[in-house]
Amino acid sequence: MSGIVQRGLWFEEFEVGARYLHRPGRTVTQADNILFSALTANPQALHVDAAYAATQPFGRPLVNSMWTLATMVGASVAQLTQGTLVAQLGLEDIAFPAPLFPDDTLYTDTEILATRASASRPGQGIVTMRHTGRSQDDTVVARATRAVLLWREDAEGRP
């Protein structure tokens, strides 16, 4: 008996207008915030120095917005692109309309905006999607539009 391998969706399985809810959410800790900031060489005191952050307008550390963006994309992988992604093509329209704080939980959803077959890469297609991150109280904390290159299900040479 062969095993079942979890995968994302082939290009043909994406439908414009579909909205995917990626669960569970991810509760961020201050340790996550400090580690991510250190790993990305970002010494911003608003992320890593609680005493300094307490003197600033929000009165406490802010989660590094790049953690928020990376975690939103990561939350979508198992459901959408695991094993079907050829390449990420780009991110645009990135916004952080409200802060995310340590001990908040980030919930991500993805809406499919457009699909088209690749003109230059037979067996592959481009999907444009919008990731939205919300905190536990449904406040939108981040948005990003992302374009990816995916395998078509019947493509020669695909995994």
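**Fold, cores and pocket of a predicted chain**

Of the 159 residues in the protein chain, 39% are buried (under 20% relative accessible area, with exposed meaning over 50% and partly exposed in between; 1.4 Å probe, protein chains only). This is a predicted model, in which local features need pLDDT of at least 70 and side-chain atom pairs count only at pLDDT 80 or more, while totals for chains, interfaces and linings use all residues. Residues are numbered from 1 along each chain as its sequence is written, and side-chain values use heavy atoms, with hydrogens and water left out.

The protein chain holds four helices and five strands, taken as DSSP runs numbered from the N terminus (helices H or I, at least four residues; strands E, at least two). Read from the N terminus, the order is β-α-α-α-α-β-β-β-β. Along the principal axes, the C-alpha atoms fill a box of roughly 60 × 40 × 30 Å. Among contacts (heavy atoms within 4.5 Å) with a separation of 6 or more, 71% join residues 24 or more positions apart. UniProt, in an unreviewed entry, lists residues 16-131 as "domain: MaoC-like"; its positions are given in the numbering used here, with feature names shortened, and annotations may be inferred rather than shown by experiment. That span is 30% helix and 35% strand, and its end C-alpha atoms lie 14 Å apart.

We come next to the interior. The largest nonpolar core (buried Ala, Val, Leu, Ile, Met, Phe, Trp, Tyr and Cys residues joined through side-chain atoms within 4.5 Å) has twelve residues, including Val28, Trp67, Met72, Leu100 and Val141. Two or more of its residues come from each of α4 and β5 (140-151). A second, separate core has ten residues, among them Leu9, Phe11, Leu80 and Ile112. Leu100, a member of the largest core, is in contact with Val28, Leu62, Val63, Trp67, Thr68, Leu106, Ser135 and Val141, leaving aside neighbours within four places in sequence.

Leu100 also helps to line the largest pocket, as do His47, Phe58, Ser65, Phe96 and Val141, among others. A pocket here is an open set of points on a 1 Å grid over the protein atoms alone, with protein on both sides within 12 Å along at least five of seven lines, and lining residues have an atom within 4 Å of a point. The pocket has about 160 Å³ of space, the volume being that filled by probe spheres set on points joined across faces, edges and corners. Its lining divides into eight nonpolar, three polar and no charged residues (Ala, Val, Leu, Ile, Met, Phe, Trp, Tyr, Cys and Pro count as nonpolar, Asp, Glu, Lys and Arg as charged, and the others, Gly among them, as polar).

Several loop residues round out the picture. Phe101, in the loop between β2 and β3 (105-117), counts as buried because its relative accessible area is 9%. Beyond four places in sequence, Phe101 touches Val28, Phe58, Arg60, Pro61, Leu62 and Val63. Thr81 lies between α4 (65-80) and β2 (85-95) and is buried at 4% relative accessibility.

Most residues other than glycine have a negative phi, and most peptide bonds are trans. Asp103, in the loop between β2 and β3, has a positive phi of about 85 degrees and is exposed at 61% relative accessibility. Asp138, in the loop between β4 (124-134) and β5, has a positive phi of about 75 degrees and is exposed at 54%. The peptide bond from Arg23 to Pro24 is cis, with omega near 5 degrees, and Pro24 is found in strand β1 (residues 19-27).

Methods: 1 Å grid on protein atoms, 1.4 Å probe; cavity = no way out; pocket = protein on both sides within 12 Å on 5 of 7 lines; lining within 4 Å.
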